[in-house]
Each structure stands twice: as C-alpha cells, then as structure tokens.
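Please open the structure in a viewer and keep the selection tool at hand. The stops below are meant to be followed in order.

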Amino acid sequence: MATSAANPSNTRLGWIGTGVMGRSMCAHLINAGYTLTVFNRTLSKAQPLVDMGARLAQSPHELAAQSDVVFSIVGYPSDVRQVLLDPTSGALSGLRPGGILVDMTTSEPSLAVEISVAASSKNCYSIDAPVSGGDRGAKNGILAIFAGGDESVVNRLNPVFSLMGKVNYMGASGKGQFAKLANQITIASTMVGLVEGIIYAHKAGLNVASFLDAISTGAAGSKSLDLYGSRILKRDFEPGFFVNHFVKDLGICLKECQSMGLALPGLALAQQLYLSLKAHGEGNLGTQALILALERLNNATLGS
C-alpha cells in the first residue's frame, strides 16, 4: 500500500483483539472484501471471524508480517505495549517499512506518542484511533473514531475507517487518545445524572419507563439515555462497555488531570462510584450497572 487510499485489492489488514468491540468491527472489514488476519490471546474468541474467512495468526509478530495495516483493540495500556512493542512477539517487529499501526484501544496519550516514535524509527506509521459508541455502535458500523497522527495517513485509511463509523481527525499523535478521554469524562457525569434521575423518579412514585420516555426528547435527552435507559429498567447489565474498562479510562483521565493541574470534580465522583461497583465484584458488568451503586446508597431497588 503506497500512498494511495486503502482498498481490498491493495491493502492486507491485521487485527489484534477480537472481544466485544473488535469482533463486530472486524466483521465489517471481512464483509467489505478485505483480506484479514486476526490474533487474540484467547484463540476461541477469534473463531467466529475465522469461520467468516479470516486467517488466524499465532502472534502479533506473525500477523504483522502478513499485513500492511495492523489494528489493535485490547484491554489496557500494558496490553497495547505488549502486542505492539514487544521486541520479539510484538506487531511492530514484524511490520515492513511503510506499514501502519492503528491502535483503537482507549489508552494513554503518552504511550501513543511512544508507539509513534518507535514506528517512525522503523519507517512505519502509527495512528491512535480510539472509538466511542459501545457494542451497538460497533455492530452497526456507526462508531465515533478519534484519530491522532499524520493526517495524510488517516486519509489513506478513510475507506477502512468508514466501514466502522465516522473518523474525526484530532491532531498529532496522542490527540486521538486525549479526545477519547475527554469523551469518557463527558459520559461519566452524564451517567451519574441519568441514574440519579431514574432513582429520584422511582422514589417519587413515577412510572420510570414513562418518565424516561418523556424526558428523552427534551433537554435531558442523551445518547446515554437512548443506549442504556431501557437496559437499566430491564436490569440488563450485559456489557456494551465493561465497568472495569471504564474505571481504567477514568483512572487515566485523573492521572492526566493531575499532571495538567486540572480539577474535574464530576469525573472524580463518577470514578469513585464506578470503583464501588468494582469493589462489589461488578467490574464485568456494563457501565449501565451504575444504577446498582445508587440503589445501594439509597437502600432502594427499582421495580420494588
């Protein structure tokens, strides 16, 4: 893939991390006709994609050796470092000059810069491109993608990004991550407001479903309400986005705030409430499980 736009005939894709998000995102690429090689630490999680026609690699290094562009969406910054930068098994060690790494994990801006520097030293490129929109956004190909790095490289990858959602160019390496963290900060307090409104409506004796329906088209309406309102009422806490991963994201935000000298009290409060879910063993539930923390604080349960 020289400097032309990516297409199925000139661009071989690799994908590391086939969890809740990765699996759906990959499926769009396979359906569009791209040659795709996948790697996941738990091999069984990659099986549905292999059944669709993806090749399976035994390591990120092996995957990168057969790819022009390598995408990753894994759990934590330490995982990103391992799958991309490990000197022997990492993707960068197997990538040819001119290859591109695209990390879609929500991770640390400083790590995105480090990956970019490492890629440049091998005459490769690196884009940080974390996403927002949860499992539904991934399934429906309508994710918001925040891209940092060389804009011309992002433009070359536009045809691939457009299969997954809408790419927004945010600036130099690391700026995609900063944008995603700002996105998480915005969601954090929105979720607190949503569950507080729900618990208040419940205590006031309102029909909570009617209440949510009533506010959804007014100024209190939000994507969070649309995504999670009915799930909360059904007590459907299946993860579109894991509490554990949200706690990680908010922790990265708070660490960045400390180094920027920023006070964000709403963020700090949300992080404490989400930590309390984790302490109750609810880290593998979805972020909408925040209602459980408010129920415990108020000794009240919706629907009772």
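**First stop: a salt bridge at helix H14**

Begin by selecting Arg-296, which counts as partly exposed because its relative accessible area is 34%. The model on display is a predicted one. Next, add Glu-282 to the selection: this residue forms a salt bridge with Arg-296, and the closest N and O atoms are 2.8 Å apart. Arg-296 belongs to helix H14, whereas Glu-282 sits in the loop between helix H13 (265–279) and helix H14 (290–298), so the pair ties together parts that are 14 residues apart in sequence. Is Glu-282 buried or exposed? With a relative accessibility of 13%, Glu-282 counts as buried.

**Second stop: further salt bridges**

Side chains of opposite charge can pair when their charged atoms come close. How many salt bridges does a search of the whole structure find? The search finds eight.

Select Arg-41 and Asp-79, one of these pairs, whose closest N and O atoms are 3.2 Å apart. Arg-41 is found in the loop between strand E2 (36–39) and helix H2 (47–52), and Asp-79 in helix H4 (residues 77–85), so this salt bridge ties together parts that are 38 residues apart in sequence. Colouring by accessibility shows two sides to the pair: Arg-41, at 58% relative accessibility, counts as exposed, while Asp-79, at 10%, counts as buried.

Move then to Arg-231 and Asp-135, which also form a salt bridge, with 3.5 Å between the closest N and O atoms. Here helix H11 (residues 223–233) holds Arg-231 and helix H7 (residues 134–140) holds Asp-135, so the pair ties together parts that are 96 residues apart in sequence. Both Arg-231 and Asp-135 are buried.

**Third stop: strand E1 and its partners**

Select strand E1, residues 13–16. Leu-13 and Trp-15 point one way from the strand, Gly-14 and Ile-16 point the other way, and all are buried. Now add E2, which runs parallel to E1 and is joined to it by four bridges. Within this pairing, Trp-15 stands opposite Val-38 in E2. Including helix H1 (residues 20–31) in the selection completes a right-handed β-α-β unit made of E1, H1 and E2.

Strand E4 (residues 69–72) comes next, and it pairs with E1 in the parallel sense over four bridges. The residue of E4 opposite Gly-14 is Val-70.

**Fourth stop: strands E8 and E9**

Select strand E8 (residues 143–148) together with strand E9 (residues 165–171); six bridges pair them in the parallel sense. Which residue of E9 is the bridge partner of Ile-145? The partner is Val-167. Helix H8 (residues 151–164) should be added as well, since E8, H8 and E9 make a right-handed β-α-β unit.

**Fifth stop: an annotated span and a surface patch**

Select residues 174–292, which an unreviewed UniProt entry lists as "domain: 3-hydroxyisobutyrate dehydrogenase-like NAD-binding". This span is 71% helix and 0% strand, and its end C-alpha atoms lie 34 Å apart.

To finish, display the surface and select Phe-178, Met-260 and Leu-262, which form a nonpolar patch there. Together these residues have about 270 Å² of accessible area. Met-260 is placed in helix H12 (residues 243–260), and with 48% relative accessibility Met-260 counts as partly exposed.

How values were computed: Residues numbered from 1 in each chain as written. Predicted model: local features only at pLDDT ≥ 70, side-chain atom pairs only at ≥ 80, totals over all residues. Heavy atoms only, no water. Patch = residues over 30% accessible without salt bridge, like charges linked within 9 Å, V, L, I, M, F, W, Y side chains within 5 Å. Areas by Shrake-Rupley, 256 points an atom, 1.4 Å probe, with all protein chains shown as cover. Salt bridge = Lys/Arg side-chain N within 4 Å of Asp/Glu carboxyl O. Helix = DSSP H or I, 4+ residues; strand = E, 2+ residues; numbered from the N terminus. Buried < 20%, exposed > 50% of the residue type's maximum accessible area, 1.4 Å probe, protein only. UniProt positions renumbered as here; feature names shortened; annotations may be inferred. Pairing = 2+ DSSP bridges. Right-handed = clockwise from strand over helix to strand, strands pointing away.
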